[in-house]
Amino acid sequence: GAARLIDQESGLEVEADLDEIAASYRNAIGGHIATLKRGFIAGGGRHVLAPLSRGAIDVLRELVGG
């Protein structure tokens with residue numbers, strides 16, 4: 001929703017739509033991940049997402065096994 005962001009040093013206030021910011025971030029990061037994936041695959045590499053919510057062993061198994 002709507003929020004007012006205030007810079008603690010300057011006092012500058014900015015009105016922002018946090019839902020819009022979140023959607024914009026998701027789109028940007030999704031595009032970045034897609035670009036990285038294409039580059040890795042084009043170079044003969046593999047691409048596996050490893051978010052912090054996944055266990056390291058599960059990620060490694062997917063990387064070496066699939």
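A residue is classed as buried when its relative accessible area is under 20%, as exposed when that area is over 50%, and as partly exposed in between. These classes are applied below to a predicted model.

The N-terminal part of the model contains two paired strands. Strand β1 comprises residues 2-6 and strand β2 residues 13-17. The two strands pair in the antiparallel sense, over 5 bridges. Within this pairing, Ala2 has Asp17 of β2 as its bridge partner, and Leu5 is partnered by Val14 of β2. The connection between β1 and β2 is a hairpin with 6 residues between the strands. In the turn, Gly11 adopts a positive phi of about 80 degrees.

The hairpin also carries a group of charged contacts centred on the following residues. Glu13 forms a salt bridge with Arg4, in which the closest N and O atoms are 3.2 Å apart. With a relative accessibility of 46%, Glu13 falls between the two cut-offs and therefore counts as partly exposed. Arg4, at 52% relative accessibility, counts as exposed, because the threshold for that class is over 50%. Arg4 also forms a salt bridge with Glu15, with 2.8 Å between the closest N and O atoms. Because Glu15 lies in strand β2 and Arg4 in strand β1, this pair ties together parts that are 11 residues apart in sequence. Both Glu15 and Arg4 are exposed. Arg4, Glu13 and Glu15 are thus linked in a network of salt bridges. Side chains of opposite charge can pair when their charged atoms come close.

A further salt bridge joins Glu62 to Arg54, the closest N and O atoms being 2.8 Å apart. Both partners fall in the intermediate accessibility class: Glu62 is partly exposed at 36% relative accessibility, and Arg54 is partly exposed at 30%. The count of salt bridges in the model comes to 4.

Helix α1 spans residues 18-42 and thus has 25 residues. The distance from its first C-alpha to its last is 36 Å, close to the 36 Å expected at 1.5 Å a residue. At the start of α1, a side-chain oxygen of Asp17 reaches to within 3.0 Å of the backbone nitrogen of Asp19. Asp17 is also the β2 residue that serves as bridge partner to Ala2. Just after the helix, Gly44 takes a positive phi of about 85 degrees.

Two residues of α1 illustrate the accessibility of the helix surface. Ile21 lies in helix α1 and is partly exposed, with a relative accessible area of 44%. Ser24, also placed in helix α1, counts as partly exposed at 45% relative accessibility. Ser24 and Gln8 are 16 residues apart in sequence, and their C-alpha atoms are 25 Å apart in space.

A nonpolar patch on the surface is formed by Leu5, Leu12, Val14, Leu18 and Ile21, which together have about 440 Å² of accessible area. Among the members of this patch, Leu5 and Val14 are bridge partners in the strand pairing, whereas Ile21 belongs to helix α1.

Key
Residues are numbered from 1 along each chain as its sequence is written. This is a predicted model: local features need pLDDT of at least 70, side-chain atom pairs count only at pLDDT 80 or more; totals for chains, interfaces and linings use all residues. Side-chain values use heavy atoms; hydrogens and water are left out. Helices (H or I, at least four residues) and strands (E, at least two) are DSSP runs, numbered from the N terminus. The expected span of a helix is 1.5 Å times one less than its number of residues. A polar contact is a pair of N or O atoms within 3.5 Å; within protein, one must be able to donate a hydrogen and the other to accept it, and residues adjacent in sequence count only if both atoms are side-chain atoms. A salt bridge is a side-chain nitrogen of Lys or Arg within 4 Å of a carboxyl oxygen of Asp or Glu. Buried means under 20% relative accessible area, exposed over 50%, partly exposed in between (1.4 Å probe, protein chains only). Two strands pair if DSSP finds at least two bridges between them. Patches are made of residues with over 30% relative accessible area and no salt bridge: like charges are joined within 9 Å, nonpolar side chains (Val, Leu, Ile, Met, Phe, Trp, Tyr) within 5 Å. Accessible areas come from the Shrake-Rupley method with a 1.4 Å probe; for residues, only the protein chains shown count as cover.
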